[in-house]
Amino acid sequence: MRTVYAISGGVSKFAKARPDKTFQAVVKEAYDYAVQDIGLEHRQFNQLVDGSVVSYFSDHFARQLMAGIMATDYLGLCPKPNHRVEGGGATGGICFQEAWKAVASGYMDVCAAYGFETMSHVETWKGNEFIALASDVSFDYPVGGFYTGYYAMMVTRHMKEFGTTVEQMAHVSVKNHINAYHNPYAQKRNRYTIQDVRSAPMVAWPLTRLDICVMSDGAAAAILCSEEGLARLEAAGAHVPRPLVKVGGIGRGTDAMRMADRPHQSYDDFLRYNLLPHEDTSETRAYYQDLWDAGFRYPGVHSFRAGRMASREAYKNARIADPLREIDFVELHDAYTSSEVQTYEDMGLCRYGEGGPFAASGKAFMPGIDYGLNLPEAPICPVNPSGGLIACGHPVGATGLMQAVFAIWQLQGSIGKHFRDSTLQVKNARRGAIHSHAGTGTYVTVSILERGE
Amino acid sequence: MADRIPAKQEETLGGYVLHNVPFPRELNPETLALLKHMSPILIEQLYSITYVHSYGQDSPFFAGLSNGVLLGCRDPETGYTYPTPRGHDMYSGRETEWVEIKPEGKIHAFTVCYFGSEAFLSECPFVLTQVEFEGCDTLLLGRLVGVDPNQAGIHWIGKQVRGRFLRNSKFTPTDIYFNLVE
């Protein structure tokens, strides 16, 4: 595979509704920003790019089949190669990885990835229904199809197995909302307290409205290229920021669509297939043996095996042995506070069962920001410095690409330029992970982005 | 309590049918340029379908529910058993066989939904549960009925439940629901 650089990105302002523009024009906002940020004109870039990948999740929200090609057409990228990708909540993350594949394989030297979702065209409860159609329509949806309900069930099991508390989950909400206070692209920029989160209206016990991301309209775009593509762009006058940002490795995992079907592995298989290198110590093996003896089974409904598989593969490809200490920040798929807690574990930022204490420890917070919390430990690896899905919003087909764009800016050291506020710039960030997640853990992508020398 | 009373009027669709909108009486460069500042036109479109869904190889499960029987699927060689039907085993790839499952189990996970999809809004609050059955390797999603949502707590997990069957089948998985065994 060839080295792939992620050289630029753009994000439309995520909003509850964007009736002022059609989806194509919202995509163009993000695309234009990415093109202009490397100093090229639309016509120039469209001549230089080899093709593109487009993502959106739901034909129901779009009420338009082949909406992907309509965005591509609007951007003036026809007749160059393009295809649409879809994979539930991971749609944007898959789009990023498909663009990576196009470049890494040598199929393209310059590839644009863009995605969007316009979720405001139906009322919230109908939107919940559309999203719930991404669960088994024979056995899950008819029982009370509602994704927040599915995630709430998962976290009750997490609470039962590991003693995770709602207050620990609320730390995630406080962190992500306050981070987003400094992100002008975010949909919700509010300062909340643990009490605010817990006293918000209950949606699906134990998740309140402030434990849950919102539906959004929005788009995001990223430009990926090879060494040859970079040379071609720069020969045409592009000003690609240094240091360069490259994709260090990708990983993907999957799991059964119905969470009821998640198999339980044997203890030996759990260790053989899931242990991360830094967990392979006698102390951690003893820890897991104790959990197993107490009734823990993997993956169960409390953990996302797909997230662990995606992380394991991405870490292997990027040569990461200890993620908490070798990754400087993570943008992960926090559709729910509970899923951020679960994902800490899947990504190996802590061990299975330790996600709750990790959430409240301070390790995943940004340094230098007053969260109004008494955090016992210093930040190590900020998680969702942008505010994540909970505060930025979740226009599904764009979300994973939004994470990529924020990661590119973090590694370029250009957050201050793009946010007009440097508060969220992770100091000396050299490596970031982006994590995109679908269904009840059905598809998960993890991509590692790194700052070049 | 006061802070739970919404201060915002709920937005709803519907209203008058509008047959015209403001538009310049004369078109000239100035008024044409002003069109760039026009608010977007939003229209309501009915989006409704009747869809004929097939349960395919899973159909006996629903026939079973309508006759007061919970059926599951079992790999004939390994015995791996799915209370949520599956025509082929995920490990061996073999076609599974139907087996009767005693509709008694334990709560593995649950939630109380106070909000939801449009189709279920009128039923809120309702309780979803993943039920584990003795001798089965996976779970079944169902409704837990007859519990006070206000008493929800992690202590519900592990409690015994017993399935009951709707007399008038709807041919959905909710033809079986669960009660706590006190």
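## Backbone, packing and pairing in a two-chain model

A:M66 sits in the loop that links α3 and α4 of chain A. In this predicted model, phi of A:M66 is near 60 degrees, a positive value in a residue other than glycine. A:M66 counts as exposed because it has 12 C-beta neighbours inside 10 Å, and the cut-off for exposed is 12 or fewer.

A:R319 also has a positive phi, near 60 degrees, and is likewise a residue other than glycine. A:R319 belongs to the loop between α14 (305-318) and α15 (323-326) of chain A. Its surroundings hold 10 other C-beta atoms within 10 Å, so A:R319 is exposed. A further positive phi, near 75 degrees, is that of A:G39, which follows α1(A).

Two cis peptide bonds are listed below with their omega values and loops.

| Cis peptide bond | Omega | Loop holding the proline |
|---|---|---|
| A:R242 and A:P243 | about 0 degrees | between α11 (227-235) and β8 (245-254) of chain A |
| B:C124 and B:P125 | about -5 degrees | between β4 and β5 (126-133) of chain B |

### Chain A as a whole

Chain A has 20 helices and eleven strands. Along the principal axes, the C-alpha atoms of chain A fill a box of roughly 60 × 45 × 40 Å. The radius of gyration of chain A is 20 Å, which agrees with the value near 22 Å for a compact globule, because the chain has 453 residues. Of these 453 residues, 63% count as buried. Contacts in chain A between residues at least 6 apart in sequence can be split by separation: 79% of them join residues at least 24 apart.

The largest nonpolar core has 175 residues, and those touching the most other members are A:A113, A:Y114, A:A221, A:A222, A:L224 and A:L401. Helix α19 (residues 396-412) of chain A gives the most to this core, with eleven residues. Leaving out residues up to four places away in sequence, A:L401 touches A:G92, A:C95, A:F96, A:A113, A:Y114, A:G115, A:A220, A:A221 and A:A222.

### Helix α1 of chain A

Helix α1 of chain A covers residues 23-37, which is 15 residues. From its first C-alpha to its last the helix reaches 22 Å, close to the 21 Å expected at 1.5 Å a residue. The buried residues of α1(A) are A:F23, A:V26, A:V27, A:K28, A:A30, A:Y31, A:A34, A:V35 and A:D37. A:K28 and A:D37 are thus among the buried residues of this helix. What do the buried residues of α1(A) pack against? Their partners in chain A include the strands β1 (5-11), β4 (110-118) and β7 (217-225). The helices α2 (42-48), α3 (59-62) and α4 (67-74) of chain A are also packed against by the buried residues of α1(A).

### Contact between the chains

Between the two chains, 35 residues of chain A are in contact with 41 residues of chain B. On the side of chain A that touches chain B, α6 (124-132), α7 (141-144), α8 (147-162) and β5 (202-204) of chain A each supply at least two residues. The largest share of that side, eight residues, comes from α8(A). By class, the side of chain A that touches chain B has 19 nonpolar, six polar and ten charged residues.

### Strand pairing in chain B

An open sheet of three strands in chain B has the order β2-β1-β3, with antiparallel pairing. β2 (81-82) and β3 (97-100) of chain B stand at the edges with a single partner strand each, so one side of each is left without a neighbour in the sheet. Strand β1 (residues 71-74) of chain B pairs with β3(B) over four bridges in the antiparallel sense. B:R74 has B:E97 in β3(B) as its bridge partner.

Other pairings in chain B involve β7(B). Strand β4 (residues 104-113) of chain B pairs with strand β7 (residues 160-165) of chain B in the antiparallel sense, over three bridges. Here B:G105 stands opposite B:V161 in β7(B). β7(B) also runs antiparallel to strand β8 (residues 176-180) of chain B, and five bridges join the two. In this pairing B:R162 stands opposite B:N179 in β8(B).

Technical notes: Residues numbered from 1 in each chain as written. Chains lettered and ligands numbered in written order. Predicted model: local features only at pLDDT ≥ 70, side-chain atom pairs only at ≥ 80, totals over all residues. Pairing = 2+ DSSP bridges. Expected span 1.5 Å × (residues − 1). Buried ≥ 20, exposed ≤ 12 C-beta atoms within 10 Å, placed from the backbone. Contact = placed C-beta atoms within 7 Å. Nonpolar A, V, L, I, M, F, W, Y, C, P; charged D, E, K, R; others polar. Rg over C-alpha atoms; globule rule 2.2 N^0.38 Å. Core = buried A, V, L, I, M, F, W, Y, C linked by C-beta atoms within 7 Å.
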